[in-house]
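Please look at the sequence and the structure below, which is a predicted model. The paragraphs that follow lead through its cores, its strands, a pair of helices and its cysteines.

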Amino acid sequence: ALVGENGAGKSTLMKVLSGVLPKGTYSGEILFEGLPYQIKTLKQSEEKGVGIIHQEFALTPNLSIAENIFLGKEISKFGIIDWDQTKIEAAKLLKRVGLEEDVNVLVRNIGVGKMQLVEIAKALSKDVKLLILDEPTAALNEKESDKLMNLLLSLKQNGITAILISHKLNEIMKVAERVTILRDGKSIETLDMKKDLVDEDRIVKGMVGREITDLYPLRNAKIKETLFEIRNWTVYHPHQNNRKICDDINLEVKAGEVVGIAGLMGAGRTELAMSVFGHSYGKNISGEVYVNGKQIDTRRVDSVIKSGVAYVSEDRKGLGLILDSTIKNNITLSNLKRVSRLEVIDMNREIATTNVVVDNFKIKCTNVHQKVFNLSGGNQQKVVLAKWIFCESEVYILDEPTRGIDVGAKHEVYKLINQLVENGKAVLFISSELPEILGLCDRIYVMSNGKIRGELLKAEASQEKIMKLII
């Protein structure tokens, strides 16, 4: 395993090993199977048996799952693609990674979690000797993550070596034999999981250079009246007319309260959030949404924002950011009035304001003019959060807000959420990590197959009770 805070250099090192950063862009020596490893392209690394699953997806959305898995390595007879055999082999790989999905479905029509499993199936379709996984379970719930960790152990038994980059320390404790810790681009230490006395706290201290106590900090929020309410909310699938994705959803969030939504992949949590936020998902949407007791117009994103609702998407790359724009522009875009005078942007105020935001969120960057695509995944996520906090909303719908963020940054996000609710805001928190849901939320709704299956107070909630409601 390779661990470290966001920006420590983990993903950059993996890009070197996979050939994304070619020989000549770095100094030093790499040995593979005892021989010098000098590659200039991704194809060369694959030919040597090195496969990489990136934190950001490398799939073609308008091709099917089967086409994506074998893209560049098509199964053919006499120079013609054998589609029947392609689909059979693709189905075998999906079964191997635990994904129940039709191989003919276009990738654009499946969720982020399923895309990650397709990425893993794609890597396994090649004859890999070394499999590099960069945050492979960031978009998966605990059940799916556990399946993947068991898959890694199975691959190990078949002679495949893996390098796992993960912020989920419980996964590392389960599968890793050695853990190398990076900090600020340097190798701090390598721990032997069998010989050394290693626990999660020991790894965290090496990552951040200090001990973190109380991962889920206590808060002093006073829960008041209902601030946000969804009534009788029903959403149909955008491509399957008779399929309900959200079925008569009713929930409320009070001022000063963090309310969680727990559920497995495909439960309808993200679809609920997106449909409320300007009908960004689904069709034939019915139901009502209230902020401060007043019904709001949910048909347009801008009207929802003006009503005081912010939405942090789970897909930061596709929906949360303008990657080719600067940190400054991304942060201020949702609330330009705050940095404007007489409808004209005050550039000096914009720079000064975003400098303060970058400092508060501890975003690692050269300056606020840096392009967002040059940031690490975790720092990109911080920019997404900063953008919506800058918007000064009343209700925050946070969909997997700590995905791809290290444990130190997670702690900062949790403190930020506490500040929001202590200031009387309402937070609807969606997460696939049950410890996170249990540690942070005052109340928990459990979703399964598009329906609310139950509601639990913090004092009575447990992983066992949540899983019983889900299943």
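In this predicted model, the largest nonpolar core has 78 residues, and those with the most contacts inside it are Phe228, Trp233, Leu251, Leu272, Val427 and Phe429. Helix α15, which covers residues 407-422, contributes the largest share of this core, namely 7 residues. A second core, separate from that one, has 50 residues, among them Val107, Met149, Leu169 and Leu191. For a closer view of the 78-residue core, one can start from phenylalanine 228, which, when residues up to four places away in sequence are not counted, touches Leu251, Glu252, Val253, Val276, Val289, Tyr290, Val291, Val309, Val395, Ile397 and Leu428.

Which strands make up the open sheet, and in what order do they lie? The sheet has 6 strands in the order β16-β19-β20-β13-β21-β22, and their pairing is mixed. Its edges are formed by β16 (309-312) and β22 (451-457), each of which pairs on one side only, and from one strand to the next the twist averages 20°. Within this order, strand β13 (residues 258-262) runs parallel to strand β20 (residues 426-430), the two being joined by 4 bridges; valine 258, for instance, has valine 427 in β20 as its bridge partner. Val427 was also named above among the residues with the most contacts inside the largest core.

Two helices can then be placed against the sheet. Helix α14 (residues 377-390) packs on it, touching β16 and β19 (395-399), and the direction of α14 makes about 175° with that of β16. Helix α15 packs on the sheet as well, touching β13, β19 and β20, with a direction that makes about 145° with that of β20.

Strand β11 offers another set of pairings to follow. Strand β11 (residues 226-236) pairs with strand β12 (residues 244-254) in the antiparallel sense over 7 bridges, and one of the matched positions is glutamate 229, whose bridge partner in β12 is glutamate 252. The strand β11 also pairs with strand β14 (residues 283-291), again in the antiparallel sense, over 6 bridges, and here threonine 234 has serine 286 in β14 as its bridge partner.

Turning to a helix pair, helix α5 (residues 112-124) and helix α6 (residues 142-157) pack at an angle of about 10°, with their axes 12 Å apart, so that α5 is roughly parallel to α6. At their contact, Leu117, Ile120 and Leu124 in α5 meet Glu144, Leu148, Leu151 and Leu155 in α6. Alanine 121 is also found in helix α5, and because its relative accessibility is 0%, alanine 121 counts as buried. Leaving aside residues up to four places away in sequence, alanine 121 touches Ile69, Leu93, Leu94 and Val97. The C-alpha atoms of alanine 121 and alanine 90 are separated by 8.0 Å, although the two residues lie 31 residues apart along the chain.

How many disulfides does a search of the whole structure find? The search finds 0. Cysteine 246 is in no disulfide, and the nearest cysteine sulfur, which belongs to cysteine 441, is 18 Å away, whereas a disulfide would need the two sulfur atoms to be within 2.5 Å. Is cysteine 246 buried or exposed? Cysteine 246 counts as buried because its relative accessibility is 0%, and cysteine 391, at 11% relative accessibility, counts as buried too, since the cut-off for buried is under 20%.

Note on methods
Residues are numbered from 1 along each chain as its sequence is written. This is a predicted model: local features need pLDDT of at least 70, side-chain atom pairs count only at pLDDT 80 or more; totals for chains, interfaces and linings use all residues. Side-chain values use heavy atoms; hydrogens and water are left out. A nonpolar core is a set of buried Ala, Val, Leu, Ile, Met, Phe, Trp, Tyr and Cys residues joined through side-chain atoms within 4.5 Å. Buried means under 20% relative accessible area, exposed over 50%, partly exposed in between (1.4 Å probe, protein chains only). Contact means heavy atoms within 4.5 Å. Two strands pair if DSSP finds at least two bridges between them. Axes are lines fitted to C-alpha atoms, for helices over the stretch in contact, and angles run from 0 to 180 degrees between N-to-C directions. Angles under 35 degrees count as roughly parallel, over 145 as roughly antiparallel, 65 to 115 as roughly perpendicular and the rest as oblique.
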